Amino acid sequence: METSAVRPSWDDYFMAIARIVATRASCDRLHAGAVLVNNNRIVSTGYNGSPPGLEQCDESGHLLEDGHCVRTIHGEHNALLQAAIIGGASTKGSTLYSLYSPCIHCAKYIIAAGITRVVIGKIYRNSDIQAYLAEAGIESTVYSSAPEWNTYISQLFQQEIAHREAPRVKLNNDDTV
Ligand SMILES: [Zn+2]
Ligand SMILES: [Zn+2]
């Protein structure tokens, strides 16, 4: 049985994508995901993982420095780097959706990249980070999802992709094909 579809708000939509992105994270100390968006179009995505081609925490263990794992590039940072690799889209004036509040380093990169809005899934460790972003003129909000969207999205992957018959197209002069 299919539940009736809920059309998400932009924040619900991009935050749901950030959660999917985070499933690719390779350091289980935090599965983070970020989606960089400009004019409601995705510019890039990022999760916390090692630089391409290098060992990942889930294969080789964490690389600890002062109690923090430093093996991975953070999701927010990776989203910015992916935008640089893909090219063709400016990060200026964009919005960053991040599953967790950015660390101080990522916050600096966010400011320097000209991002103007940050939507945070959950505050993680640093509760002062919103004030820091605000100092740089960046609006940040902690996301709260619409309950009906939560219910719908939690059921979505329990269903097969809906089967739809393609409509039959009647050509005007179908004997010429
Ligand atoms: Zn790690
Ligand atoms: Zn960070």
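**Group meeting: the sheet, the core and helix α4**

I will start with one residue. Val35 touches Phe14, Ile17, Ala18, Val21, Ile42, Thr45, Ala79 and Tyr97, leaving aside residues up to four places away in sequence. Please keep in mind that this is a predicted model.

Where does the annotation sit? UniProt, in an unreviewed entry, lists residues 9-140 under "domain: CMP/dCMP-type deaminase". Over residues 9-140, helix makes up 34% of the chain and strand 23%. The C-alpha atoms at the two ends of that stretch are 17 Å apart.

Now the core. The largest nonpolar core contains 30 residues. Val35 is among those with the most contacts inside it, together with Ala18, Ala34, Leu36, Leu96 and Tyr97. Elements giving two or more residues to this core include the helices α1 (10-22), α3 (75-86), α4 (104-112) and α5 (129-135). The strands on that list are β1 (33-38), β2 (41-47), β5 (95-100) and β6 (117-122). Which element gives the largest share? That is α1, with 5 residues. As general background, nonpolar side chains in soluble globular proteins tend to be buried together.

Next, the sheet. Five strands form an open sheet, in the order β2-β1-β5-β6-β7, and the pairing is mixed. The edge strands are β2 and β7 (139-142), each of which pairs on one side only. From one strand to the next, the twist averages 15°.

Let me go through the pairs. β1 and β2 are antiparallel, with 6 bridges. Their hairpin has 2 residues between the strands, and Asn39 there takes a positive phi near 50°. On the other pairing of β1, with β5, the sense is again antiparallel, over 4 bridges. Leu36 can be followed in both directions: its bridge partner in β2 is Ser44, and its bridge partner in β5 is Leu96. Ala34 stands opposite Ser98 in β5. β5 and β6, by contrast, run parallel and are joined by 5 bridges. One partnership there is Thr95 with Arg117 of β6.

Is β2, an edge strand, enclosed or open? 5 of its 7 residues are buried, so β2 is largely enclosed by the rest of the structure. For β5, 6 of its 6 residues are buried.

What lies on the sheet? α1 lies across β1, β2, β5 and β6, and runs at about 140° to β1. α3 also packs on the sheet, where it touches β1, β2 and β5, and its direction makes about 125° with that of β2.

Last, α4. Which of its residues are buried? They are Cys106, Ala107 and Ile110. Viewed down the axis of α4, the buried residues fall within an arc of 105°, so they line one face of the helix. The general rule behind this is that an α-helix has 3.6 residues a turn, so residues three or four places apart point the same way. The cover over the buried residues of α4 includes α3, β5, β6 and α5. On the face turned away from the buried side are the exposed residues Ile104, His105 and Ala112. After α4 comes Gly114, with a positive phi near 80°.

To sum up: a mixed sheet of five strands, with α1 lying across four of them, β1, β2, β5 and β6, and a nonpolar core of 30 residues. I will stop there.

How values were computed
Residues are numbered from 1 along each chain as its sequence is written. Chains are lettered from A and ligands numbered from 1 in the order in which they are written. This is a predicted model: local features need pLDDT of at least 70, side-chain atom pairs count only at pLDDT 80 or more; totals for chains, interfaces and linings use all residues. UniProt positions are given in the numbering used here, feature names are shortened, and annotations may be inferred rather than shown by experiment. A nonpolar core is a set of buried Ala, Val, Leu, Ile, Met, Phe, Trp, Tyr and Cys residues joined through C-beta atoms within 7 Å. A residue is buried if 20 or more other C-beta atoms lie within 10 Å of its own, exposed if 12 or fewer, and partly exposed in between; C-beta atoms are placed from the backbone. Two residues are in contact if their C-beta atoms, placed from the backbone, lie within 7 Å. The arc is that of the directions from the helix axis to the C-beta atoms. Two strands pair if DSSP finds at least two bridges between them. Axes are lines fitted to C-alpha atoms, for helices over the stretch in contact, and angles run from 0 to 180 degrees between N-to-C directions.
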